[in-house]
Amino acid sequence: MSDGKIPLKDTTPEPSADKKPSADKKPSAGNGLIQSIFRNSLGLGLFAVFTVGLISVTWILTEEKIKTQVRAYEARALMEILPADTHDNVLVDSKIQLEPSRLLSSQNQREAYIALNDGEVSAVILPVTAPDGYSGRIELLVGINRNGTLSGVRAITHKETPGLGDKINTNVTDWILGFAGKSLTNPATEGWAVKKDGGEFDQFTGATITPRAVVAAIYRALQYFEVNRNLLLDPLRINNASEETRDD
């Protein structure tokens, strides 16, 4: 028997067949792109950190070896300009600071090497730049004896044309060796030029600009020595703070 109550009808709508629960929704394309960028950025970041770390470790392990090699190279170049019998000190350990100079074509402080004999300065090696080489700057080391004569000159770095301008290198020709014994007065001022310009020094076949620049730079180094002779020949300046030098 019925108790007279009418059953309540469930009015909750049933989900449509063509709609899926929200839990089954796929991520949007924008979210996927952001995740991809994040993963790639993270990977690149980790790679960069690893690479920098590896380079740092390699540098630390080889730094002392590099310093030793550079020191040995410097010593060989200096000894070519000032042989062992001309001094009784270690040249690479005997330096003075030079202020920027127009005659040396330097914009920053440079180092000069000082040769000693029985505590007296016997020679100096000046760094000088020839800014007007055919292919740019030519870096030279110019050795000058106490009496103002040249003990030797070497080209350290340059970008001159192989087979032409590179004849300033001693392993190509002996041209640069011809400056030994020269001075401000030998030859006279007009002689400090290549023969094409009325001077005493040979130019290279097919290359005049390079030797012209080197001759001029060496002459300026001799002028610098003459102007600053007292300071350069003072042994107390070795490895001490720089003093003001002059160009005239």
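Where is the place of Ser 105? Ser 105 sits in the loop between S1 and S2, and that loop turns up again in the views below, all taken from a predicted model.

**View 1. The whole chain, for orientation.** Before zooming in, here is the layout of this predicted model: 3 helices and 5 strands. Reading from the N terminus, the elements go α-β-β-β-β-β-α-α. The protein has 248 residues, and 35% of them count as buried. About 15,600 Å² is exposed, with carbon and sulfur atoms supplying 57% of that area. If you look at contacts between residues at least 6 apart in sequence, 49% of them join residues at least 24 apart.

**View 2. A nonpolar patch on the surface.** Phe 38, Leu 42 and Leu 46 make up this patch, and together they offer about 340 Å² of accessible area. Leu 46 belongs to helix H1, which covers residues 29–81. Its relative accessibility is 55%, so Leu 46 counts as exposed. As background, nonpolar side chains in soluble globular proteins tend to be buried together.

**View 3. The largest nonpolar core.** This core has 41 residues, and those touching the most other members are Leu 126, Leu 140, Val 142, Phe 179, Trp 192 and Ile 218. Strands S1 (95–98), S2 (110–117), S3 (120–133), S4 (136–145) and S5 (150–157) each put in at least two residues, as does helix H2 (209–227). H2 gives the largest share, 10 residues. Zoom in on Ile 218 and you'll find it touching Leu 140, Val 142, Leu 150, Val 153, Phe 179 and Trp 192, leaving aside residues up to four places away in sequence. There's also a second, separate core of 10 residues, with Leu 82, Ala 115, Ile 125 and Leu 141 among them.

**View 4. Strand S1 and its partner.** S1 has an alternating pattern of side chains. Ile 96 and Leu 98 point to one face and are buried, while Lys 95 and Gln 97 point to the other face and are not. S1 pairs with S2 in the antiparallel sense, over 4 bridges. One of the residues to pick out is Ile 96, whose bridge partner in S2 is Ala 112.

**View 5. Strand S4 between two pairings.** S4 is mostly covered, with 7 of its 10 residues buried. With S3, S4 pairs in the antiparallel sense over 9 bridges, and a hairpin of 2 residues joins the two strands. Look for Gly 133, which stands opposite Gly 136 in S4. S4 also runs antiparallel to S5, the two being joined by 6 bridges. In that pairing, Glu 139 stands opposite Thr 157 in S5. The hairpin of S4 and S5 has 4 residues between the strands, and there Gly 148 takes a positive phi near 90°.

**View 6. Two loop residues with positive phi.** Here are the backbone angles to check if you're scanning a Ramachandran plot. Most residues other than glycine have a negative phi, and most peptide bonds are trans. Ser 105, however, has a phi near 55°, a positive value in a residue other than glycine. Its place is the loop between S1 and S2. With a relative accessible area of 11%, under the 20% cut-off, Ser 105 is buried. Asp 118 likewise has a positive phi, near 55°, and is found in the loop between S2 and S3. Asp 118 has a relative accessible area of 75%, so this residue is exposed.

**View 7. A cis peptide bond.** The bond to look for is the one from Asn 186 to Pro 187, which is cis, with omega near 5°. Pro 187 lies in the loop between S5 and H2.

**View 8. Helix H3 and a residue further along the chain.** H3 spans residues 229–232 and includes Leu 231. Leu 231 counts as partly exposed because its relative accessibility is 22%, and the partly exposed class runs from 20% to 50%. The C-alpha atoms of Leu 231 and Thr 245 are separated by 7.7 Å, with the two residues 14 apart along the chain.

Terms used. Residues are numbered from 1 along each chain as its sequence is written. This is a predicted model: local features need pLDDT of at least 70, side-chain atom pairs count only at pLDDT 80 or more; totals for chains, interfaces and linings use all residues. Side-chain values use heavy atoms; hydrogens and water are left out. Patches are made of residues with over 30% relative accessible area and no salt bridge: like charges are joined within 9 Å, nonpolar side chains (Val, Leu, Ile, Met, Phe, Trp, Tyr) within 5 Å. Accessible areas come from the Shrake-Rupley method with a 1.4 Å probe; for residues, only the protein chains shown count as cover. A salt bridge is a side-chain nitrogen of Lys or Arg within 4 Å of a carboxyl oxygen of Asp or Glu. Buried means under 20% relative accessible area, exposed over 50%, partly exposed in between (1.4 Å probe, protein chains only). A nonpolar core is a set of buried Ala, Val, Leu, Ile, Met, Phe, Trp, Tyr and Cys residues joined through side-chain atoms within 4.5 Å. Contact means heavy atoms within 4.5 Å. Two strands pair if DSSP finds at least two bridges between them.
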